[in-house]
There are 2 protein chains.
Amino acid sequence: MSEKISTPKDMKKEILRGIRATLLSCGSATKVELSEKLGISFPTITKFIHQMEEAGELLTLGLDESSGGRRAQRYAYNPDYQLSVALFLERTETQYTIYNSMGEVKEKGISPGFLLDGIETLAEQIESLIKRFPRIGSLAFGVPGSVNGGRIIYIPGYEKYHDFDLKDHFETRFKLPVVVENDMNAAVLGYYDKMDVQDNPSLVYLYFGQNGPGAGILVNGNVVRGSTSFSGEVSFVPLYDRRNFQQAITYVEGTNAAINEADRIDAVSRLIASLTAILNPNAVIFNRDEVNDRLLTAISARSASYISKEHLPKLTASDWQEDYLNGLKRLGLNLLISADH
Amino acid sequence: MSEKISTPKDMKKEILRGIRATLLSCGSATKVELSEKLGISFPTITKFIHQMEEAGELLTLGLDESSGGRRAQRYAYNPDYQLSVALFLERTETQYTIYNSMGEVKEKGISPGFLLDGIETLAEQIESLIKRFPRIGSLAFGVPGSVNGGRIIYIPGYEKYHDFDLKDHFETRFKLPVVVENDMNAAVLGYYDKMDVQDNPSLVYLYFGQNGPGAGILVNGNVVRGSTSFSGEVSFVPLYDRRNFQQAITYVEGTNAAINEADRIDAVSRLIASLTAILNPNAVIFNRDEVNDRLLTAISARSASYISKEHLPKLTASDWQEDYLNGLKRLGLNLLISADH
DNA sequence: CATACTTATTAAAGTAGTTTAATAAGTATT
DNA sequence: AATACTTATTAAACTACTTTAATAAGTATG
């Protein structure tokens with residue numbers, strides 16, 4: 001209730017963002033197309049396009065074919081006008097990827113990890129990146145732990161960083177917009193971004209991994225964090241009389257492999273059923289390295305024994321690493337296109 | 001991506017809405033207070049307040065005590081300026097409640113139910129209500145079935161109304177804004193509205209009932225509907241080797257009552273654990289008629305055997321009928337305060 | 001009780017968008 | 001080739017908010 005209302009002075013930012021987003025998602029557009037898509041008057045679009053062209057933010061692609069009248073000038077976004085960096089914080093190292101507004105990778109590399117070596121080492125590394133690529137306009141960090149509003153809530157094994165505001169720290173240091181996100185949430189965002197844009201779907205990204213399973217959850221297009229940043233900890237779902245999800249998918253030494261697989265298929269199917277009965281998501285995404293088509297078909301069939309097929313989510317496999325990177329890219333780009341200059 | 005942007009012509013509506021919402025939630029305010037809370041300039045607030053006062057939409061409460069300078073005029077919203085009707089569609093009858101902008105009930109009554117008697121009978125009844133209360137400015141329908149965007153997707157037992165656009169039907173007929181919501185979703189919204197405003201919490205309203213249990217789910221303050229409007233159908237969550245939630249809470253004839261209750265407590269606790277591992281909601285609300293403090297304490301204790309206490313939701317009991325009505329009231333009022341006149 | 005100081009209100013100028021009309025540049029038709 | 005017709009662009013008038021300055025109405029103090 002009673003929040004601030006968007007005032008005329010916020011309009012410049014909104015219009016810039018709209019033009020950038022439209023040009024990037026459509027590839028190119030004419031002024032009329034922009035005006036219609038954004039619901040902004042033609043003269044205003046003209047003014048902004050002119051400014052952006054002078055700044056070098058736009059490319060002119062020449063004239064359209066005539067549709068019966070004067071030919072229109074076609075514009076595209078200059079993808080190298082601004083760059084962003086995705087940084088994957090891990091135990092011993094920090095992988096970074098520099099990319100442009102089209103998502104094209106400019107450089108990949110490895111920095112010392114801040115979790116072990118401390119934050120200053122990492123900061124210096126970032127500083128040198130910014131020196132070499134002065135067009136870098138935002139930073140996107142991926143973290144294997146809980147994050148809320150740029151603050152690290154919890155990373156298993158690195159208690160000294162609990163409640164550390166990574167976003168604030170780097171924003172004050174580099175005067176650049178920063179976003180911080182959990183790895184699973186970034187992955188589900190990345191997958192969301194990649195797929196054909198359904199309007200605000202619900203998605204669950206299921207990851208097994210060595211440290212126990214976890215899930216990144218999107219509801220109506222928004223990341224779910226939960227009241228204590230515990231959402232997605234599906235290990236704990238009690239699916240059997242005396243086993244939860246984690247226990248049910250753990251390989252039992254010295255048992256029949258075929259039976260064991262069937263048991264694990266049933267466990268995943270029950271989890272899918274739980275997710276469906278609670279959230280009814282559009283899709284559940286698995287890590288391509290952890291499943292195959294045969295397994296997915298089996299899980300799908302088994303799930304139908306718990307809940308009518310029509311309500312079950314689509315089950316798909318995807319490249320986790322790629323989706324994770326893609327999610328951070330998207331978060332970083334969102335910061336770039338929201339810049340108010 | 002690339003949606004319409006709020007243009008200056010939308011501002012009037014936004015400002016009106018802001019002033020109304022602030023006055024109703026704060027009780028009263030001065031022009032300066034409104035200006036600061038809404039981030040709108042003082043002259044603009046003055047203009048709008050003047051218009052609203054002339055229309056009779058505002059009450060002047062006299063002058064404030066001086067805080068060292070000229071005393072400020074204090075304004076309040078005239079709660080009877082606009083009315084709204086909440087209509088509970090049920091099998092054999094339709095209960096209606098007419099209330100004002102403060103939520104004060106003006107009249108309660110019963111109409112023929114449209115599910116059995118057809119829509120025209122109900123429409124005529126509403127027409128006569130509007131004739132008697134010409135200040136009615138919106139209609140809010142509660143439906144015991146799935147709803148999406150004002151369209152009834154599914155009501156068990158009334159197949160002829162599947163895919164019927166109730167909102168569109170009554171909006172064209174009465175030229176009034178209409179909102180339609182499922183009963184569980186309305187209840188969870190109503191509870192959300194009642195409690196001290198945490199910022200966008202996640203809540204689950206758990207209802208047992210005769211036709212099997214169901215849940216209304218709010219994530220980040222938004223209603224969860226799911227891809228096929230199946231979300232909240234928690235009956236189907238598989239919690240035991242051979243029983244899902246519905247089966248586990250069904251009373252088994254001829255068994256020991258105490259054991260039976262313990263079993264049901266365990267079933268609910270497991271559901272809470274599942275909800276926590278997936279959504280990690282702030283609270284789970286039960287119908288006051290279906291639980292008591294002793295049960296809640298038992299469920300709470302039992303849940304802690306599945307998931308660490310710190311992550312578990314707060315368990316509370318509330319009046320379902322009241323929350324349901326309150327939710328519809330809120331939805332109807334939201335339409336009133338968004339009116340652009 | 002006059003003066004200084006606060007705070008509310010009113011008035012005027014400024015800003016940034018929209019709408020509407022005029023102009024420019026092209027295509028199709030006779 | 002002249003005319004009618006489209007469509008893109010430019011220019012001028014308009015709208016609605018904000019900012020800034022001026023005024024009004026009150027309180028506290030020497």
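This text goes through the relation of the two chains, one helix of chain A and one sheet of chain B in a predicted model.

Consider the two copies first. A turn of 180° with a shift of 0.0 Å along the axis lays chain B on chain A, and the RMSD is then 0.1 Å. That is the relation of a two-fold axis. The contacts fit this picture: of the interface residues of chain B, 100% are also interface residues in chain A, so the copies meet through the same surface.

Within chain A, helix α11 covers residues 320–337. Its length can be checked by simple arithmetic. The expected span is 1.5 Å times one less than the number of residues, so the 18 residues of α11(A) should span 26 Å; the C-alpha atoms at its ends lie 25 Å apart, which agrees. At the start of the helix, the backbone nitrogen of Q321(A) has a side-chain oxygen of D319(A) within 3.1 Å. Buried residues, those under 20% relative accessible area, include W320(A), Y324(A), L328(A), L331(A) and I337(A) in this helix. Charged residue types also occur in the buried set, among them D323(A) and K329(A).

Chain B provides the sheet. Strands of a sheet pair through backbone hydrogen bonds, in either a parallel or an antiparallel sense. Here three strands of chain B form an open sheet in the order β8-β9-β10, with antiparallel pairing. The edge strands are β8 (146–148) and β10 (164–165) of chain B, each of which pairs on one side only. Between β8(B) and β9(B), the latter made of residues 151–154, there are three bridges. The bridge partner of N148(B) in β9(B) is R151(B).

Conventions. Residues numbered from 1 in each chain as written. Chains lettered and ligands numbered in written order. Predicted model: local features only at pLDDT ≥ 70, side-chain atom pairs only at ≥ 80, totals over all residues. Heavy atoms only, no water. Helix = DSSP H or I, 4+ residues; strand = E, 2+ residues; numbered from the N terminus. Buried < 20%, exposed > 50% of the residue type's maximum accessible area, 1.4 Å probe, protein only. Polar contact = N/O pair within 3.5 Å; in protein donor to acceptor, adjacent residues only side chain to side chain. Pairing = 2+ DSSP bridges. Least-squares fit on C-alpha atoms with pLDDT ≥ 70 in both. Contact = heavy atoms within 4.5 Å.
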